[in-house]
Amino acid sequence: MFPERESRYLGDVVALLRGLLADQLTAVYLFGSGAYGDYDPGPSDLDVQTFIDGTLEPAVRTRLIEELDHTALPCPARRLEFVCYDVRDVTPVARHPQYQLNLNTGTDIARHVSTDPSTESSHWFLLDQAIGRDLGRTLYGPSPADLLTAVPRAWQLSAILDSLAWHDSSEPATPNRVLNACRGWRYAETGNWGSKRQGARWVATHHPDLTVVSAALTSRHDYGTVDSHAADDLAIRTRTAVNAAIRTTTAPS
């Protein structure tokens, strides 16, 4: 059951967006565990994706940043991860999606704002669109499947490899390194996406020797760490599964 407090917050976010963006607003979606049936109060984020017709005017962008900030509109989850796209930049889908605004704000981080996609790793945004198209929850506008075009499987697999490389270098001992790898491994072998915890449960069932998975599920609640060498082993095995899937996948023309 999705918590009432989070539901009220999302309603406030949509009302704010409708007020600031007016006729430019095309759709607002909830992605991530909140939409995928696996929301976990405490460690889970709220991932809100907004699609507009045209570009954000600088004054509107500034107001969005200030009014969505945790200090102005407190997020009941660990953080709000908010991305705004011009719908023309993502339909049809691009291998490296362009966005108008990427904002992270919450209790556990300093506010992060980006308006330049070249400064961010594109795998985050491509995988969000791929998973969210199938599993996202509509907060405003048409369903994700009606608005977004399908992401080629070859691109998704390539983005999983990019994610593995990013976590190898940037977060070698975090639970999220393990859980993101598990989610990607499950997709590579089954073609099914889900939450990170769902991916971890799948790996734990099929590969019980990988005890780092249960360690990651436990330590994510207190923002702890996992054994980096055990995470390395999981990443290697995930990469092997993804590369095997790539060999049997036709690349988009």
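Helices here are DSSP runs of H or I with at least four residues, strands are runs of E with at least two, and both are numbered from the N terminus. The model is a predicted one, so local features need pLDDT of at least 70 and side-chain atom pairs count only at pLDDT 80 or more, while totals for chains, interfaces and linings use all residues. Residues are numbered from 1 along each chain as its sequence is written, and side-chain values rest on heavy atoms, with hydrogens and water left out.

The sheet comes first. It is open, with 6 strands in the order S5-S4-S3-S2-S1-S6 and mixed pairing; two strands count as paired if DSSP finds at least two bridges between them. Strand S5 (112–114) and strand S6 (137–140) sit at the edges with a single partner strand each, so one side of each has no neighbour in the sheet. On average, neighbouring strands are turned by 20° against each other, direction ignored. (Axes are lines fitted to C-alpha atoms, for helices over the stretch in contact, and angles run from 0 to 180 degrees between N-to-C directions.) Strands of a sheet pair through backbone hydrogen bonds, either parallel or antiparallel. Strand S4 (residues 101–106) and S5 run antiparallel, joined by 3 bridges, and Leu 103 stands opposite Val 113 in S5.

Two helices go with this sheet. Helix H1 (residues 4–21) packs on it, touching strand S1 (25–31), strand S2 (46–52), strand S3 (79–86) and S6, and its direction makes about 20° with that of S2; contact means heavy atoms within 4.5 Å. Helix H2 (residues 58–68) lies across S3, S4 and S5, at about 20° to S4.

H1 also holds a salt bridge, between Glu 4 and Arg 8, whose closest N and O atoms are 3.9 Å apart. Because these two are 4 residues apart in helix H1, about one helical turn separates Glu 4 and Arg 8. The whole structure has 19 salt bridges, each a side-chain nitrogen of Lys or Arg within 4 Å of a carboxyl oxygen of Asp or Glu.

Just past H1, in the loop between H1 and S1, comes Ala 22. Its phi is near 50°, a positive value in a residue other than glycine. Another backbone feature is the cis peptide bond from Thr 91 to Pro 92, with omega near 5°; Pro 92 is in the loop between helix H3 (87–90) and S4.

Next, the empty spaces. On a 1 Å grid over the protein atoms alone, a cavity is a set of points where a 1.4 Å probe fits but cannot get out, a pocket is an open set with protein on both sides within 12 Å along at least five of seven lines, and lining residues have an atom within 4 Å of a point. Grid points are joined across faces, edges and corners, and a volume is the space filled by probe spheres set on the points.

The largest pocket takes up about 1,100 Å³. Its lining has 38 residues, with Asp 45, Arg 78, Glu 81, Trp 124 and Asn 176 nearest its centre. Helix H4 gives the largest share of this lining, 6 residues. By class, the pocket lining has 10 nonpolar, 15 polar and 13 charged residues. (Ala, Val, Leu, Ile, Met, Phe, Trp, Tyr, Cys and Pro count as nonpolar, Asp, Glu, Lys and Arg as charged, and the others, Gly among them, as polar.)

There is 1 cavity of 30 Å³ or more, with a volume of about 60 Å³. H7 gives the most to its lining, with 4 residues.
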